[in-house]
Amino acid sequence: MSAPATVSAEMTSGHTRDRALWGALMLMPYILVFAVMVVYPVGYGLWLGLNWQSYRALFADPIFLRTVVNTIIFLFVAVNLKFLLALWLSGFFVQQRAWVRIVLVLFILPWAVPSIPTILSFRVMLNPENGMLNQQLFHWFGIVEGPGWLTDPTLAFASSIMVHIWKSLPFWTLILVTGRLAISQDLYEAASVDGANRWQQFRFITWPSLATLYVTSTMLSMIWTLGDFNSVYLLTGGGPGDLNHVLATLGIRYMRNNNLDLGIASIIVAMPLILPMVFVMVKRLSKGAE
């Protein structure tokens, strides 16, 4: 009786080894791609970032200090304004009406369309000389010299924020719409019977139910916004006069000027801003899973 049991155990062990071998072979292409596309570039960048002279030159560059200020302003204004608008619009799109659903589909299109053609379209429209916006201002109000949307530093920076909000607002609005739909309608009906108005329903029902989703989405949006270079680089190129760079585009500016060390240093400097947000984000998600 022991011989068949021994043979069966050996067959099971051999079958397990074969499965492990095949599993390792199937994982090899992914591991190779991950090593070549992720591990090697990150490792090479960190190795280049060990040159401390690059950080001295970076901190001595006045463009870098202005870029840090621009990044903070960009994050604070874009993220907060975007989510306030998303919170307000989600209350509109949550209505169960056919025409609202059609408007919602049209509203999502800017987020679904690729970034490059849409942002370049804004660049054409905001052209101070022959852009569509200034032409309309001339036809409607007789303004001969319209605002320098892309030549004035303040207007150019505000235009970059506007384009970023326009591009990403539909996605976060849809997230908050999903959160609103998860709230039981019985709560609103009970509150309405008790005489609660719309503001009171929002304050005591909607907001407590959306607060966790709102904060988590805000932090995730901050991480994505910090890495968004399309809205600034494609629209203004960081100009005029390199005055509107953010940390996501400053590295490209240095690399275009053949300063690879400064480019890598500017990217590594941004990591202290990203890593705490990633840590808090992962911690919040792990608590939610528990």
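# Notebook: Trp-172, two bent helices, empty space

Both Phe-83 and Trp-172 are buried. I note at the outset that the model is predicted.

**Entry 1. Aromatic rings**

I looked up the ring pairs and found a count of 17 aromatic pairs. The one I opened joins Phe-83 and Trp-172, with ring centres 5.3 Å apart and planes at 45 degrees. I logged this pair as tilted, because stacked needs an angle under 30 degrees and edge-to-face one over 60. Phe-83 belongs to helix H3 (residues 62-93) and Trp-172 to helix H7, so I have a pair that links distant parts of the chain, 89 residues apart.

Trp-172 also pairs with Phe-171, where the centres are 4.8 Å apart and the planes stand at 80 degrees. That angle is over 60 degrees, so I wrote this pair down as edge-to-face.

How exposed or buried is Trp-172 in figures? I read a relative accessible area of 4% for Trp-172, and the residue counts as buried because the limit is under 20%.

I then followed the ring pairs outward. They connect Phe-83, Phe-171 and Trp-172 with Trp-111, Trp-207, Tyr-214 and Trp-224 in a cluster.

**Entry 2. Helix H7**

H7 covers residues 153-181, 29 in number. Its first and last C-alpha atoms are 42 Å apart, close to the 42 Å expected at 1.5 Å a residue. I also checked the axis of H7, which bends by about 40 degrees at Leu-169. A proline, Pro-170, follows Leu-169 within four residues.

At the N-terminal end of H7 the cap is Asp-152. One of the side-chain oxygens of Asp-152 lies 3.1 Å from the backbone nitrogen of Thr-154.

**Entry 3. Helix H9**

Where does H9 bend, and by how much? I found a bend of about 50 degrees at Trp-207, with Pro-208 following within four residues. Trp-207 is also one of the rings in the cluster of Entry 1.

I looked up the span of H9 next. The helix has 29 residues, but its end C-alpha atoms are only 35 Å apart. A straight helix would reach 42 Å at 1.5 Å a residue, and H9 falls short of that.

Asn-197 caps the N-terminal end of H9. For the cap contact I have 3.3 Å between a side-chain oxygen of Asn-197 and the backbone nitrogen of Trp-199.

**Entry 4. Cavity and pocket**

Rolling a probe the size of a water molecule over the atoms shows where empty space is left. I searched the whole structure and got one cavity of 30 Å³ or more. The volume of the largest cavity is about 40 Å³. Its lining is made by Thr-71, Phe-74, Leu-75, Thr-225, Leu-226, Asp-228, Val-246, Leu-247 and Ala-248. H3, helix H9 (198-226) and helix H11 (247-256) are the elements that give two or more residues to this lining. H3 gives the most, with three residues.

I turned to the largest pocket, which holds about 630 Å³ of space. It has 17 lining residues, and nearest its centre lie Gly-91, Val-94, Arg-180, Arg-198 and Thr-206. At least two lining residues of this pocket come from each of H3, H7, helix H8 (185-193) and H9.

**Entry 5. Single residues**

I noted Asp-242 for its backbone: phi is positive, about 55 degrees, although the residue is not a glycine. Asp-242 sits in the loop between helix H10 (230-233) and H11. I have a relative accessible area of 27% for Asp-242, so the residue is partly exposed.

Thr-118 is in helix H5 (residues 115-125). I class Thr-118 as buried because its relative accessibility is 10%. The side chain of Thr-118 comes to 2.8 Å from the backbone oxygen of Ser-115.

Ser-90 is in H3. I read 0% relative accessible area for Ser-90, which means buried. From Ser-90 to Leu-104 I have 14 residues in sequence and 9.9 Å between C-alpha atoms.

Met-132 is in helix H6 (residues 132-141). What is the exposure class of Met-132? I entered Met-132 as partly exposed, at 45% relative accessibility. Its C-alpha atom is 9.5 Å from that of Phe-122, and the two residues are 10 apart along the chain.

Notes
Residues are numbered from 1 along each chain as its sequence is written. This is a predicted model: local features need pLDDT of at least 70, side-chain atom pairs count only at pLDDT 80 or more; totals for chains, interfaces and linings use all residues. Side-chain values use heavy atoms; hydrogens and water are left out. The expected span of a helix is 1.5 Å times one less than its number of residues. The bend at a residue is the angle between axes fitted to the seven residues ending there and the seven starting there. A polar contact is a pair of N or O atoms within 3.5 Å; within protein, one must be able to donate a hydrogen and the other to accept it, and residues adjacent in sequence count only if both atoms are side-chain atoms. Rings of Phe, Tyr and Trp (its six-membered ring) pair if their centres lie within 6.5 Å; planes under 30 degrees apart count as stacked, over 60 as edge-to-face and the rest as tilted. Buried means under 20% relative accessible area, exposed over 50%, partly exposed in between (1.4 Å probe, protein chains only). On a 1 Å grid over the protein atoms alone, a cavity is a set of points where a 1.4 Å probe fits but cannot get out, and a pocket is an open set with protein on both sides within 12 Å along at least five of seven lines; lining residues have an atom within 4 Å of a point. Grid points are joined across faces, edges and corners, and a volume is the space filled by probe spheres set on the points.
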